[in-house]
Structure formats: structure tokens, C-alpha cells
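Trainee: Please help me take a close look at one small part of this protein and then connect it to what surrounds it. I would like to follow the chain step by step.

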Amino acid sequence: PIKILNLGENLVISGEVPTEAKLQVRALATTWEQLHTSSFELTLDLHGLTAGPHDVSVIAKALDLGATILRVDPARVNVNLEELAERKVHVRAKVLDEESIPLGYTSRLPEITPEQVLVRGPKTAVAQVTEAVIELNIKNARDTVIKQDVPTLLDGVQRLAERYCWL
């Protein structure tokens, strides 16, 4: 796996960054049989980088003295850095199958605790989050429904916004 080094304070990686690279290696015959993925270290050094897009070299190091790295693929990767942002958003309950409550039973407004959650992530992604939703299925419920769950983060057009955000 590619390790990320020296990510600046209050910065996060926005978007996809490869987690693996292919290596072309030359090694002595006596060494070749003992080589494993753990015989190599792959890193992206983000030292000194600020928010914005960057073209970063994949640094490959052979940890075994009998091996030499000839080529790394990809040799460079695009890394987009953004400021880390956080804000509180309201949690809403979305009641499912409310019409299927058995005859003689009623549903009340759900009580949500906590009423807000802290969303963290890249500044642009956090800005898109409009609400956190817990889906509550009460189909054929004959007793109080209690649910513990992680809310789904949605943007303004009810699409998932949690790809780059976390609670």
C-alpha cells in the first residue's frame, strides 16, 4: 500500500488517490524467492504542499538490500488537497411504511438524539451536505421502535454526500 506522509495540518485529501503501484524489480536469485510486498515501501510525501491540485511522485524504496527498483507505475499521481472543514447539520428521521401501521395503532413524531451531528471533511464536500437522515421502518410495528444508526448525509438534491465526509 502507498503511505501518505506529511499531510499538512488542517488539510485532507479530496478525491481518489491510488493505494497501490506496480514495481519492476531486479534482484539476485538468492533474494528473489524471499521478496514480498512487505519488502518494499511506497510513499507520497506531501511535505510543504498547500490546498489545491498537485502532481506528486510515488517514492519507492526497497527494504531488502538485494533488490533494486527499476520502475514504478504510476510514477506520479494527482493529489487534490483541501482545507478540512466541519459544521453541524440537522438530523431528520425519514419514516418508512407509515401507512402499514396495524389498525388501532398510531405513530408519533420520532425523537432524535442527538438532533445535530458534526460533519467533517474537505471544505467543498462539507458545504454540500444539507442534512443527515435516519431511515426508520415502522412496517407492522406494534411497539415503540428504537433504532441506533449512523445517519446518511445528503446534499440539496437528496443525493448521497458522504463519499468524502464523515461524522
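Trainee: Where does Pro-74 lie?

Mentor: Pro-74 lies in the loop between E6 and E7. Before we explore, a word on what you are looking at. This is a predicted model, in which local features need pLDDT of at least 70 and side-chain atom pairs count only at pLDDT 80 or more, while totals for chains, interfaces and linings use all residues. Residues are numbered from 1 along each chain as its sequence is written, and side-chain values use heavy atoms, leaving out hydrogens and water.

The names E6 and E7 are strand labels: helices (H or I, at least four residues) and strands (E, at least two) are DSSP runs, numbered from the N terminus.

Now to the loop itself. The peptide bond that joins Asp-73 and Pro-74 is cis, with omega at about 5 degrees. A second cis bond joins Thr-113 and Pro-114, where omega is about -5 degrees. Pro-114 is found in the loop between E7 and E8. As a rule, most peptide bonds are trans, and most residues other than glycine have a negative phi.

Step back along the chain from Pro-74 and you meet strand E6 (residues 67-73), which holds Val-72. Val-72 has 17% relative accessibility, so this residue counts as buried (buried means under 20% relative accessible area, exposed over 50%, partly exposed in between, with a 1.4 Å probe and protein chains only). What does Val-72 touch, leaving aside residues up to four places away in sequence? Its contacts (heavy atoms within 4.5 Å) are Ala-21, Lys-22, Leu-23, Val-58 and Ala-60. Take Ala-60: it is 12 residues from Val-72 in sequence, and their C-alpha atoms are 7.1 Å apart in space.

Step forward from Pro-74 instead and you reach E7, which covers residues 76-96. Two strands pair here if DSSP finds at least two bridges between them. Let us visit the partners of E7 in turn:

- Strand E2 (residues 11-14) runs antiparallel to E7, with 4 bridges; in this pairing, Ser-14 has Asn-80 as its bridge partner.
- Strand E5 (residues 52-62) is also antiparallel to E7, over 6 bridges, and His-54 is partnered by Val-79.
- Strand E8 (residues 116-122) is joined to E7 by 7 bridges in the antiparallel sense; Lys-88 has Leu-118 as its partner.
- Strand E9 (residues 129-137) runs parallel to E7, with 6 bridges, and Ala-93 stands opposite Ile-134.

One residue of E7 deserves a closer look: Glu-82. Glu-82 has a relative accessible area of 11%, so it is buried. Not counting residues up to four places away in sequence, Glu-82 touches Asn-10, Leu-11, Val-12, Ser-14, Ala-51, Pro-122, Lys-123 and Thr-124. Glu-82 and Ile-13 are 69 residues apart in sequence, yet 6.3 Å apart in space from C-alpha to C-alpha.

That contact list brings us to Asn-10, in the loop between E1 and E2. Asn-10 is not a glycine, but it has a positive phi of about 65 degrees. With a relative accessible area of 51%, Asn-10 is exposed. Asn-6 lies in the loop between strand E1 (2-5) and E2, and it has a positive phi of about 60 degrees although it is not a glycine. Asn-6 counts as partly exposed, at 44% relative accessibility.

Finally, zoom out to the entire chain. It has 2 helices and 10 strands, in the order β-β-β-α-β-β-β-β-β-α-β-β along the sequence. The radius of gyration is 24 Å, well over the 15 Å that the globule rule gives for 167 residues, so the chain is more spread out than a compact globule. That radius is taken over C-alpha atoms, and the rule is 2.2 Å times the number of residues to the power 0.38. Along its principal axes, the C-alpha trace spans about 80 × 35 × 25 Å. Of the 167 residues, 31% count as buried. Among contacts between residues at least 6 apart in sequence, 68% join residues at least 24 apart.
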